[in-house]
Amino acid sequence: MAAVKSCSVCLRESTLQFPRPNRGDHNKRRGGKWRSPQAAVIPNSHLPMRSFEVKNRTLAEDIKSLRLITAIKTPYLPDGRFDLEAYDALVNVQIVNGAEGVIVGGTTGEGQLMSWDEHIMLIGHTVNCFGSSVKVIGNTGSNSTREAIHATEQGFAVGMHAALHINPYYGKTSLEGMVSHFDCVLPMGPTIIYNVPSRTGQDIPPRVIHTIAQSPNLAGVKECVGNDRVEQYTDKGIVVWSGNDDQCHDARWSHGATGVISVTSNLIPGLMRKLMFEGKNSELNSKLLPLIDWLFQEPNPIALNTALAQLGVVRPVFRLPYVPLPLAKRVEFVNLVKKIGRENFVGEKNVQVLDDDDFILIGRY
C-alpha cells in the first residue's frame, strides 16, 4: 500500500518524479518476470492555494464540544435563486434558540442541487453574517476527491470553521480508497466525517474511522447507522453526533454521543436544544417522535421544505426534483403543530395547509 499513501498526490505540489528508463530493462523483461515501474510520486509540499493564515483558526477541539448542530435549510426566491433574507432569518432563529453550529449546503440544505459557486458563496455569506455567533460547517464533500479538495480549500478560504465530508458515493471505492480520500482533505482543517449508507450505498466501517482518527483534524463522526455503532466509537474516545433525530435522545444520554446534527431543529430549535442539554427526558422525546416520523416519511428534505412553507418562514418554492408533500400530509403537519404548540416552532405566522397551486416547482435556475 506504499503507493496508496496517496494524499501526497492530492495535496502537494512539486515537479513530477518519473522513473528513468534503463536500456537494459527491455532485455531483462524478456527473460524475467515483469515488474510494474514505480508510480509517479509528487513529493510533500503545500499547494500554492493553501495558507497557514486560516481566517478563524478553529481547532478540532472547538468543534468536538458542539451539542446541537442544525443542518440548515436553503430557501429560494420564485426564480430559484437563494432567498438570503429568509435564510438569514432561519440562521438567526437557530442562534437565538441555542444552536451551536450549522451545516451549510448539506443534504438538508440541498447542496446536491447547487453549483459549487453557489455552495461556496453561501458558506462565505454565513461566515460573514453569523461566524462570530455560531460555528459554520461547510459541506464540501464529494464523490470526486479532486472536487472535495478544491471545495474544501475554498470553504476554509472563505472562513468556514469546519468541513463535513461524505464517503465517495455511486462510484464507490475500496476501504483503502476511502482512507486515501479522507486523508486528502483532513490536513486542511477540522473535519466531520458523515456516514449515511442509505444515501451513499456504502458504510464507512469502524476500521476506516479508527485509521483516520490519527489525524488531529478529525473532529468526529456524524453517524446514521445506529446507536450500537455510536457506542463503538464513544467507547474509544471518538466524538460522535447522531445523524438520526429519532435516535438522538438515546444516543446522547445512553450511548455517549456528544449531540446531534439535526433536521428537526430547523422547526423546533428550542426543544431540540432542551433534548440535548437538559438531561434524559423520555417524555419530551416521545412527544417529538410523531413530528420526527412525519419529517422522514419521504426522503429529506421534502417534508422539511413543505413544513417551513406551511409555517410561513420560507416561500413555497422547490428546486426539482423535490416536490411538496400531498394535501393529506400537510393537514397532518398542521395537527402536529397544534399538538406540540405553535409557540415551539419557528416563525410567527399561523400554520397553514396551503393549496397545491401555492407551490412553485423550478427545474431551471
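In this predicted model, helices α13 and α15 pack against each other, with axes that come within 10 Å and cross at roughly 160°. An angle over 145 degrees counts as roughly antiparallel, so α13 runs roughly antiparallel to α15. As for handedness, α13 passes α15 in a left-handed crossing. On the α13 side, the contact is built from K287, L288, P290, L291 and W294; α15 brings in K329, E332, F333, L336, K339 and I340. Sorted by class, that makes 7 nonpolar and 4 charged residues, with no polar ones at all. The charged members of the contact include K287 from α13 and E332 from α15, while W294 of α13 and F333 of α15 are among the nonpolar ones.

The loops on the C-terminal side of α13 and the N-terminal side of α15 each hold a cis peptide bond worth a look. Most peptide bonds are trans. The bond from N300 to P301, however, is cis, with omega near 15°. P301 sits in the loop that links α13 (282-295) to α14 (302-310). A second cis bond joins L320 to P321, this time with omega near 20°. Here the proline lies in the loop between β9 (317-319) and α15 (327-340).

Backbone oddities turn up elsewhere too, now in phi. Most residues other than glycine have a negative phi. E110 goes the other way, with a positive phi near 65°, and so does Y170, at about 65°. Both are loop residues: E110 is found between β2 (101-104) and α5 (116-130), and Y170 between β4 (162-166) and α7 (175-185). Their surroundings are another matter. E110 has a relative accessible area of just 1% and is therefore buried, the cut-off being under 20%. Y170, at 79%, is exposed, since that label applies over 50%.

Finally, the cysteines. A disulfide is a covalent bond between the sulfur atoms of two cysteines. Searching the whole structure turns up 0 disulfides. Two cysteines can still be placed by their accessibility. C129 comes out at 41% relative accessibility and so counts as partly exposed; this residue falls within α5 (116-130), the helix that follows the E110 loop. C224, with 15% relative accessibility, counts as buried.

Notes
Residues are numbered from 1 along each chain as its sequence is written. This is a predicted model: local features need pLDDT of at least 70, side-chain atom pairs count only at pLDDT 80 or more; totals for chains, interfaces and linings use all residues. Side-chain values use heavy atoms; hydrogens and water are left out. Helices (H or I, at least four residues) and strands (E, at least two) are DSSP runs, numbered from the N terminus. Buried means under 20% relative accessible area, exposed over 50%, partly exposed in between (1.4 Å probe, protein chains only). Axes are lines fitted to C-alpha atoms, for helices over the stretch in contact, and angles run from 0 to 180 degrees between N-to-C directions. Angles under 35 degrees count as roughly parallel, over 145 as roughly antiparallel, 65 to 115 as roughly perpendicular and the rest as oblique. A crossing is left-handed if the near helix is turned anticlockwise from the far one by less than a right angle, and right-handed if clockwise. Contact means heavy atoms within 4.5 Å. A disulfide is a pair of cysteine sulfur atoms within 2.5 Å.
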